[in-house]
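User: Could you walk me through how to read the features of this model?

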Amino acid sequence: MRKAEEQGFREFAVGHAASLRRTAYLFCGDWHTAEDLMQASLLKLYQAWHRIEWRDNASGYARKVLLRTWLDEKRRPWRRAEQRDGELPDVADAAADPDRAGERLWARDLVHAALLRVPPRQRAVLVLRYFEDLPVSEVAVAMGCTEGTVKSQTARGLVALRVAVEELQRGAVVAS
């Protein structure tokens, strides 16, 4: 790879690594796995950087690579057997209103836990549409499907998310 191309990739990686990691976390629900997914995606981008003419929309292509990397990871049988029962404590935001901070943390954790119960393709659509704020057309390109499929997966994903939230809320009420 030429020096100019390598410098271009370095600038891209530095500028987009945090965003890719956040998106990966929303996909998988684990910061360590998200870091692995982000690094694997950047490695794949680096290997293809010199021969692809998509640099005017590099962030969209990077999201597509990240999505495919995550979906590939979900298909691996050893991932299905992994048990995650440990909880990491949240770090308090000193600038937040103490009365509202607990409510926000509870709502965020509830939505995130519910999102992890949504099927992978529907979860991917919800993350790209609502957390990454991408239009339907860009989500369709990232997922390699039609816009109609994105719309139907979004509708099904929202229903699944709503059901999961209700189940988690009922479980929290029963546990109280």
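**Surface and core**

Analyst: Start outside: V111, Y130, F131 and L158 make a nonpolar surface patch of about 340 Å². This is a predicted model, where local features need pLDDT of at least 70, side-chain atom pairs count only at pLDDT 80 or more, and totals for chains, interfaces and linings use all residues. Residues are numbered from 1 along each chain as its sequence is written, and side-chain values use heavy atoms, leaving out hydrogens and water.

User: What counts as a patch?

Analyst: Patches take residues with over 30% relative accessible area and no salt bridge, joining like charges within 9 Å and nonpolar side chains (Val, Leu, Ile, Met, Phe, Trp, Tyr) within 5 Å. Areas come from Shrake-Rupley with a 1.4 Å probe, and for residues only the protein chains shown count as cover.

User: Is Y130 buried, partly exposed or exposed?

Analyst: Buried means under 20% relative accessible area, exposed over 50%, partly exposed in between. Y130 has 46%, so this residue is partly exposed.

User: Which residues touch the most other members of the largest nonpolar core?

Analyst: A nonpolar core joins buried Ala, Val, Leu, Ile, Met, Phe, Trp, Tyr and Cys residues through side-chain atoms within 4.5 Å. Here the largest has 43 residues, and F27, L42, L67, W70 and L128 touch the most other members.

User: What is L67 in contact with, beyond four places in sequence?

Analyst: Contact means heavy atoms within 4.5 Å. L67 meets F27, A124, L128, A142 and M143, leaving aside neighbours within four places in sequence.

User: And K64?

Analyst: Not counting residues up to four places away in sequence, K64 touches V141 and A142.

Terms used. Buried < 20%, exposed > 50% of the residue type's maximum accessible area, 1.4 Å probe, protein only. Salt bridge = Lys/Arg side-chain N within 4 Å of Asp/Glu carboxyl O.
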